[in-house]
Amino acid sequence: MLSIKGEKMVKKVIVLLFGIIAVLGLCLTSSAQETAETEFVLGAVSEVSDLSITIIDLDDEEAEMMFMINGDTIFENFESTDEIEVGENVYVDYVFENEENVAVSIFKINIEDNEEENAEDLFVPEEDADG
């Protein structure tokens, strides 16, 4: 039989081993559950529904990408997919999860508004231009 000191030591070792196993388990679980790195793409909408949006990548017009939309997807400057029309340009932040592209956020780009804003930014009154 073990002495009282020996029993206490064995209990401490067992507790320590369980602690190490628990920490290792948490580390392995958290690294397996880390979300994929967020990527982004700019494109023209070719198809849209409540569950997905498909766009043609503006950098590679032959590349069509579909993104799943879920309850966590953020619509940046509109309320729902009902406000997106085929042909509109959108900016999509997404992650690749479970073999699918999942939209993290979607931002509608109004080219006409951007052109007007850019024109206003570039306008310099004549008196300021001289000096």
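Two residues are in contact when they have heavy atoms within 4.5 Å of each other. Keep that in mind as we explore this predicted model through a few exercises.

**Exercise 1. Get to know the chain as a whole.**
Find how many helices and strands the protein chain has, and in what order they run.

*Solution.* Start by counting: the protein chain has 3 helices and 6 strands. Next, read the elements from the N terminus, which gives α-β-β-β-β-β-β-α-α. Now turn to contacts. Of the contacts in the protein chain with a separation of 6 or more, 50% are between residues 24 or more positions apart. Finally, look at the surface and the interior. The protein chain exposes about 10,300 Å², with carbon and sulfur atoms supplying 55% of that area, and 23% of its 131 residues count as buried.

**Exercise 2. Track down the salt bridge.**
Work out which side chains form a salt bridge and where they sit in the chain.

*Solution.* A general idea helps to begin with: side chains of opposite charge can pair when their charged atoms come close. A search of the whole structure finds 1 salt bridge. Its partners are K108 and E88, with 3.5 Å from N to O. This pair links distant parts of the chain, since K108 belongs to strand β6 while E88 is in the loop between β4 and β5, 20 residues apart. Then check the accessibility of each partner. K108 counts as buried because its relative accessibility is 19%, and the cut-off for buried is under 20%. E88 has a relative accessible area of 25%, so E88 is partly exposed.

**Exercise 3. Compare two strand residues.**
Decide whether E47 and S52 are buried or exposed, and list what each one touches.

*Solution.* Take E47 to begin with. E47 lies in strand β1, residues 39-48. Its relative accessible area is 53%, so E47 is exposed. Leaving out residues up to four places away in sequence, E47 touches I53, T54 and V86. There is also a distance to note: E47 and M66 are 19 residues apart in sequence, with 8.7 Å between their C-alpha atoms.

Now move to S52, in strand β2, residues 52-57. S52 counts as buried because its relative accessibility is 13%. Setting aside neighbours within four places in sequence, S52 is in contact with M66, F67, M68 and I69.

**Exercise 4. Look for positive phi values.**
Find where N98 and E99 lie, and what their phi angles are.

*Solution.* Begin with the location. N98 lies in the loop between β5 and β6 (100-109), and E99 is found in the loop between β5 and β6 too. Next come the angles. N98 is not a glycine, yet its phi is positive at about 50°. E99 is also a residue other than glycine, and its phi is near 65°, a positive value. Last, check the exposure. N98 counts as exposed because its relative accessibility is 72%, and E99 is exposed because its relative accessible area is 69%.

**Exercise 5. Map a charged patch.**
Name the residues that gather in a patch of negative charge on the surface, and place E83 in the chain.

*Solution.* The patch is made up of D50, E79, D82 and E83. To place E83, go to the loop between β4 (74-75) and β5 (89-97). With a relative accessibility of 35%, E83 counts as partly exposed.

Note on methods:
Residues numbered from 1 in each chain as written. Predicted model: local features only at pLDDT ≥ 70, side-chain atom pairs only at ≥ 80, totals over all residues. Heavy atoms only, no water. Patch = residues over 30% accessible without salt bridge, like charges linked within 9 Å, V, L, I, M, F, W, Y side chains within 5 Å. Areas by Shrake-Rupley, 256 points an atom, 1.4 Å probe, with all protein chains shown as cover. Salt bridge = Lys/Arg side-chain N within 4 Å of Asp/Glu carboxyl O. Lys, Arg positive; Asp, Glu negative; His and termini not counted. Charge placed at Lys NZ, Arg CZ, Asp CG, Glu CD. Helix = DSSP H or I, 4+ residues; strand = E, 2+ residues; numbered from the N terminus. Buried < 20%, exposed > 50% of the residue type's maximum accessible area, 1.4 Å probe, protein only.
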